[in-house]
Amino acid sequence: AEAPTASDLPRRGGRIAIAAVAALAPLVAIAVYVKVGSPQFPDQPFAKRLQTWRAADPASLTPEQMAAVLELVAQQRPNDPQVFYYLARAQMAENDSYSAIRSLERSIDLDPRNADLWTTLAEADMAQAGSDDVPADAVKAFQHAAQIDPAAPTPRYYLARAQIAGGDVAGGLAAWRALDRDLPPSDPRRQALDQDIAVVAQTHALPRAAVAQAGPAPGQQAFIRSMVAALAARLQAQPNDPEGWARLIRSYAVLGDTADHDAALARARALFKDRPGDLSRIDQASTGPQ
């Protein structure tokens, strides 16, 4: 069957409040798109500041700075769906939701078989609606995501919610219970989902707060973590970068990721054991953020 594209959905309009969403597809090296360097930005003309931001550690940038950098990168890589996905995340983090939706639609046009992109677009439609309901645009996008990845929890949750809202309480509850069985016992989403199931089973009506969102909580912390993960991915592919390793080690220290911090430190020490100057820089980074 022909793959759907963003043009299958009605175009959105207006500026809407959307929270930054959590990471979707496995992250690739955003440092391929954004080089890393110093986080200090003196006052200077925008073009020069943009180049400074592009040379900066992605984890040090504000959403506005990251969006400006990625807009430039998108002009240079207009056929790369990952660039537009990262751009959309930055735009959502800075509450420029209209631009974020346009970027997501562009990303879907380039990669229509990516279920995570369709899910993100559906969640943006829900935010646009400003309620717990699942509007028609979101239902259609979630259906595209479910066709591509039938096991994905988020589309399953919200499509079942739409069933219940539409009067098919039994069908929606059955779908929720199937999802509940498929989630790992340790998954933190199960408790909220169980609560929703209990309320609907008793009242035959939806709880008004969609608390069982099948995904990690959105926000700036998730955005920063995605940048750090991207830096780590680049260093795995291009390890001869002592300054990059130092930034990665400091970033893990800031985030409190002890295991990743120690693993990165061991890897960097092994790489630069015969280069005393670089090794000293790595060891300084291991003491914490600077």
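**Close-up views of a predicted all-helix model**

**View 1. Arg-281 and its acidic partner.** Arg-281 is partly exposed, at a relative accessible area of 34%. Salt bridges with shared partners link Arg-281 into one network with Glu-243, Arg-275 and Asp-278. The model is predicted, and side-chain atom pairs count only at pLDDT 80 or more. In the bridge between Asp-278 and Arg-281, the closest N and O atoms are 3.9 Å apart. That separation falls within the 4 Å cut-off, so the pair counts as a salt bridge. Both residues belong to helix α13 (residues 276-285). They are 3 residues apart there, which means a separation of about one helical turn. Asp-278 is buried, at a relative accessible area of 14%.

**View 2. A salt bridge between helices α8 and α9.** Asp-180 pairs with Arg-190, with their closest N and O atoms 3.5 Å apart. Asp-180 sits in helix α8 (residues 169-182), and Arg-190 in helix α9 (residues 189-203). The pair therefore ties together parts that are 10 residues apart in sequence. Is Asp-180 buried or exposed? Asp-180 is buried, with 12% relative accessible area.

**View 3. The Arg-77 and Asp-80 pair.** Here the closest N and O atoms of the salt bridge lie 3.2 Å apart. The two partners differ in burial class: Arg-77 is partly exposed at 35% relative accessibility, whereas Asp-80 is buried at 14%. How many salt bridges does a search of the whole structure find? The search finds 7.

**View 4. Helix α6.** This helix covers residues 136-148. Its 13 residues should span 18 Å at 1.5 Å a residue. The end C-alpha atoms are 19 Å apart, so the span agrees with that expectation. Which residues of α6 are buried? Among them are Ala-138, Val-139, Ala-141, Phe-142, His-144 and Ala-145.

**View 5. Trp-176 and the largest nonpolar core.** This core holds 52 residues. Val-134, Phe-142, Trp-176, Leu-193 and Val-200 touch the most other members. Trp-176 has contacts with Tyr-157, Ala-160, Arg-161, Ile-164, Leu-193, Asp-196, Ile-197, Val-200 and Leu-206, leaving out residues up to four places away in sequence. Another core, of 15 residues, lies apart from the largest one. Its members include Leu-235, Ile-249, Ala-264 and Phe-272. In soluble globular proteins, nonpolar side chains tend to be buried together.

**View 6. Ala-232 in helix α10.** Ala-232 lies in α10. Ala-232 is buried, with a relative accessible area of 15%. What does Ala-232 contact, apart from neighbours within four places in sequence? The partners are Leu-248 and Tyr-252. Trp-245 follows 13 residues apart along the chain, and its C-alpha atom is 8.2 Å from that of Ala-232.

**View 7. His-204 in the loop between α9 and α10.** His-204 is found in this loop. Its phi is near 60°, a positive value in a residue other than glycine. His-204 counts as exposed, at 54% relative accessibility.

**View 8. The whole chain.** The protein has 13 helices and 0 strands. Of its 290 residues, 46% count as buried. Among contacts with a separation of 6 or more, 56% join residues 24 or more positions apart. The exposed area is about 13600 Å², and carbon and sulfur atoms supply 52% of it.

**View 9. Confidence along the model.** The mean pLDDT is 74, and 71% of the residues reach 70 or more. Which helix has the highest confidence, and which the lowest? Helix α8 is highest, at 95, and helix α10 (residues 220-237) is lowest, at a mean of 67. The pLDDT is below 50 over residues 10-44, a stretch with 118 contacts in the model beyond near neighbours in sequence. It is also below 50 over residues 209-221, where the contacts beyond near neighbours in sequence number 33. Where pLDDT is low, the predicted coordinates should not be read in detail.

Key: Residues are numbered from 1 along each chain as its sequence is written. Side-chain values use heavy atoms; hydrogens and water are left out. A salt bridge is a side-chain nitrogen of Lys or Arg within 4 Å of a carboxyl oxygen of Asp or Glu. Buried means under 20% relative accessible area, exposed over 50%, partly exposed in between (1.4 Å probe, protein chains only). Helices (H or I, at least four residues) and strands (E, at least two) are DSSP runs, numbered from the N terminus. The expected span of a helix is 1.5 Å times one less than its number of residues. pLDDT is the predictor's confidence in each residue, from 0 to 100. Contact means heavy atoms within 4.5 Å. Accessible areas come from the Shrake-Rupley method with a 1.4 Å probe; for residues, only the protein chains shown count as cover. A nonpolar core is a set of buried Ala, Val, Leu, Ile, Met, Phe, Trp, Tyr and Cys residues joined through side-chain atoms within 4.5 Å.
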